[in-house]
Amino acid sequence: MLNFDEARFVAIQASAVALAESIDALVGRLLNMGAQNLFFLGAGGAGVLMQPAAQLMQRESAFPTFLENAAELLAVDSKNLGPQSIVVIPSLSGTTREALAISEFAQKRGATVVALTGNDESPLAKAADHNFTVRAADDTSSESFYLQSLLIALSIQKHRGEREDYAELVSGLKSLPGHLLEIKRAFEGRAAELAIQFSDERYHILTGAGPSWTESWYFATCILEEMQWIRTRPVHASDFFHGTLELVEKGVSVFLLKGEGPTRELAERVERFVPTVTDTFTVIDTADFAMPGVGAGLRALVSHVVHATVLERFSAHLEKVRNHPLTTRRYYRRIDY
């Protein structure tokens, strides 16, 4: 595969899954100490990647869970944040300004801060009450953050008696890194074709539902916009028909990330409409990828992880075809703003 270290990838994702026992032990202690709510407080893409876990908690657990933009919470505060709060802050570098600020703010309010970082010597890792480090990089961090946040959500549900299949799901997750590698291999050829097809495309609409909506937004803004300077319009599949459909015409590129589980029908509605208008329609369906031994329930829980892993292959080929390295920036961490 192009510019890809297979062993490194598997090791990083296996490290994320291997945190299950440590995360579960910490969650158990915090709940026993009286924790009453959970905040996911991140900045930028890392914060957005917490959405699937937060929504899983909001929909399948009675434990109050909040997904907030760190900078906005600093501006407006929250009466729910206090000594009873578990605050999860993801930051790959551990140096993100908003992440450091919200960590200090939360601790002053008496909350327990749990950092998810890529460097255990970083300022955030050292400042947090608890830190979990997976030494990922930009090309491997999405899956890692998705998995770590999922493990936190599943553990809370387990300890509260809201999830009886915890052990089964964690066991299934242990096989996921190997499956993701095979999925990358299977998608490599298509990734190269898509990169050539869209090398000169300057605008895409990206859509999805459920956990895959998070990856639609993340890939549109953090990869295509930030790393490739390509304009995008990310929109949830259920909102596609409330405005965005009027932007679709022949030649307009629409990407649909089609996941599994109960929100799949929302993606299928988009899938029925778009080809009647444009001839530039790309569907990436997680159901097309084999994961032997992984049940339907777990497949639905990790659809966004699968989408992240194949889109990394697309972006790897896209930077080569467009001669635009993913590390090139004009403003981000280049100037003060």
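Helix H12 (residues 264-273) lies across four strands, namely S6 (203-208), S7, S8 and S9, and runs at about 155 degrees to S8. Keep in mind that this is a predicted model. Those strands make up an open sheet in the order S7-S6-S8-S9, and another open sheet is built from five strands in the order S2-S1-S3-S4-S5. Here's a quick tour of the sheets, a helix pair, the pocket and the cavities.

**The four-strand sheet**

- Pairing in the S7-S6-S8-S9 sheet is parallel.
- At the edges you'll find strand S7 (231-236) and strand S9 (281-285), each of which pairs on one side only.
- Going from one strand to the next, the twist of this sheet averages 20 degrees.
- Strand S8 (residues 253-258) joins up with S9 in the parallel sense, over five bridges.
- If you want one bridge to click on, try Lys258, whose partner in S9 is Asp285.

**The five-strand sheet**

- The S2-S1-S3-S4-S5 sheet is also open, and its pairing is parallel.
- S2 and strand S5 (130-133) sit at the edges with a single partner strand each, so one side of each has no neighbour in the sheet.
- Here the twist averages 20 degrees from one strand to the next.
- Strand S1 (residues 37-42) pairs with S2 over five bridges, in the parallel sense.
- Across that pairing, Phe39 stands opposite Phe66 in S2.
- Helix H6 (97-108) lies across S1, S3 and strand S4 (112-117), and it runs at about 165 degrees to S3.

**Two helices side by side**

- H8 and helix H14 (residues 303-321) pack with their axes 9 Å apart, at an angle of about 170 degrees.
- Angles over 145 degrees count as roughly antiparallel, and H8 and H14 are therefore roughly antiparallel to each other.
- On the H8 side of the contact are Ser142, Glu143, Tyr146 and Leu147, which meet His304, Val305, Ala308 and Thr309 of H14.
- Sorted by class, the residues in this contact are four nonpolar, three polar and one charged.

**The largest pocket**

- The largest pocket comes out at about 990 Å³.
- Its lining takes in 36 residues, and the closest to the pocket centre are Ala43, Gly44, Gly45, Thr96 and Tyr332.
- Elements giving two or more residues to this lining are helix H3 (44-48), strand S2 (65-69), S3, H6, H8 and H11.
- H3 is the top contributor to the pocket lining, giving five residues.
- The pocket lining is a mix of classes: 15 nonpolar, twelve polar and nine charged residues.

**The largest cavity**

- Searching the whole structure turns up two cavities of 30 Å³ or more.
- The largest cavity holds about 60 Å³ of space.
- Lining the largest cavity are Ile23, Leu26, Val27, Leu30, Leu38, Ile86, Val88, Val114, Phe132, Ile152 and Ile156.
- By class, that makes eleven nonpolar residues, with no polar and no charged ones.
- Helix H2 (20-32), strand S3 (85-91) and helix H8 (141-159) each put at least two residues into the lining of the largest cavity.
- H2 has the largest share of that lining, with four residues.

**The second largest cavity**

- The second largest cavity has a volume of about 30 Å³.
- Its lining is made of His204, Leu206, Phe219, Leu224, Phe255 and Phe314.
- S6 and helix H11 (211-225) are the elements that give two or more residues to the lining of the second largest cavity.
- In class terms, the lining of the second largest cavity has five nonpolar residues, one polar and no charged.

**Elements that turn up under several topics**

- H8 packs against H14, supplies at least two residues to the lining of the largest cavity and gives two or more to the lining of the largest pocket.
- S6 belongs to the four-strand sheet, is one of the strands that H12 lies across and helps line the second largest cavity.
- S3 is part of the five-strand sheet, has H6 lying across it and contributes to the lining of the largest cavity as well as that of the largest pocket.

Definitions and conventions: Residues numbered from 1 in each chain as written. Predicted model: local features only at pLDDT ≥ 70, side-chain atom pairs only at ≥ 80, totals over all residues. Heavy atoms only, no water. Pairing = 2+ DSSP bridges. Axes fitted to C-alpha atoms, helices over the stretch in contact; angles between N-to-C directions. Contact = heavy atoms within 4.5 Å. 1 Å grid on protein atoms, 1.4 Å probe; cavity = no way out; pocket = protein on both sides within 12 Å on 5 of 7 lines; lining within 4 Å. Points joined across faces, edges and corners; volume = space filled by probe spheres on them. Nonpolar A, V, L, I, M, F, W, Y, C, P; charged D, E, K, R; others polar. Parallel < 35°, antiparallel > 145°, perpendicular 65-115°, else oblique.
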